[in-house]
Amino acid sequence: MSTVLLALGSNLGDRRANLRAALAALEEAGVTVTRTSFAWETPPVPADQPPFLNAAAAAETSLVPPALLAALKRIEWALGRRPARRWGPRPIDLDILFYDGLRLDTPDLTIPHPRIAERAFVLAPLSEVWDAPLPVFGEPALALLARVGLQGARRVGPI
């Protein structure tokens, strides 16, 4: 089994229900969620859309990275995500942040996820599920978050 850290986000529909549905679907797809963060409301980027609810999950899986990515894409589709503008509004967004200590850069998948260290909407929830040094970065998410600040992110309660 491999340890994975995942990011979840939603800014359309019942955002909290979308996050819960994604977590349930992960279990059905062969991903055992071991820990989840609280929900964090964050300003959207770009700003011409509703605010996001973001969360993070620590999990274990026997799926290899391409199979895990395919499972995440199937979950997104099942929950109503359709191809649209890049970084536009969406009912659910699922990203692989880390997969053990693996570094991977293919046309379809980059691990660790690019720009983690710049994004409070990833670091704040991630700091709640993983307090050890992050693979590749060698520092905890909380230390990285201290450098970038909350950027308007605020903790809003359980998923």
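Before anything else, let me fix one term: when I say that two residues are in contact, or that they touch or meet, I mean that they have heavy atoms within 4.5 Å. What you see above is a predicted model, in which local features need pLDDT of at least 70 and side-chain atom pairs count only at pLDDT 80 or more, while totals for chains, interfaces and linings use all residues. Residues are numbered from 1 along each chain as its sequence is written, and side-chain values use heavy atoms, with hydrogens and water left out.

Helices and strands here are DSSP runs, numbered from the N terminus, with H or I over at least four residues for a helix and E over at least two for a strand. With that settled, α3 (residues 120-129) and α4 (residues 141-148) make a contact in which A120, L123, A124, L126 and S127 of α3 meet A141, L142, L144, L145 and V148 of α4. The residues of this contact divide into nine nonpolar, one polar and no charged, where Ala, Val, Leu, Ile, Met, Phe, Trp, Tyr, Cys and Pro count as nonpolar, Asp, Glu, Lys and Arg as charged, and the others, Gly among them, as polar.

How covered is α3? Eight of its 10 residues are buried, meaning under 20% relative accessible area with a 1.4 Å probe and protein chains only, whereas exposed is over 50% and partly exposed lies in between. Among the buried residues of α3 are P125 and E128.

Turning to the strands, β4 (52-61) has nine of its 10 residues buried. Two strands pair if DSSP finds at least two bridges between them, and β4 is joined to β1 by nine bridges, the two running antiparallel, with V4 opposite A59. Five bridges join β2 to β4, again antiparallel, and there R35 has A58 as its bridge partner. Strand β3 (residues 39-42) is also antiparallel to β4, through three bridges, and W40 stands opposite N54.

Finally, the cores, each a set of buried Ala, Val, Leu, Ile, Met, Phe, Trp, Tyr and Cys residues joined through side-chain atoms within 4.5 Å. In the largest, of 26 residues, L8, L26 and I96 touch the most other members, and α1 gives the most to this core, with five residues. Apart from it lies another core, of 19 residues, including A58, L97, I116 and A120. A120, then, belongs to that core and also takes part in the contact of α3 with α4.
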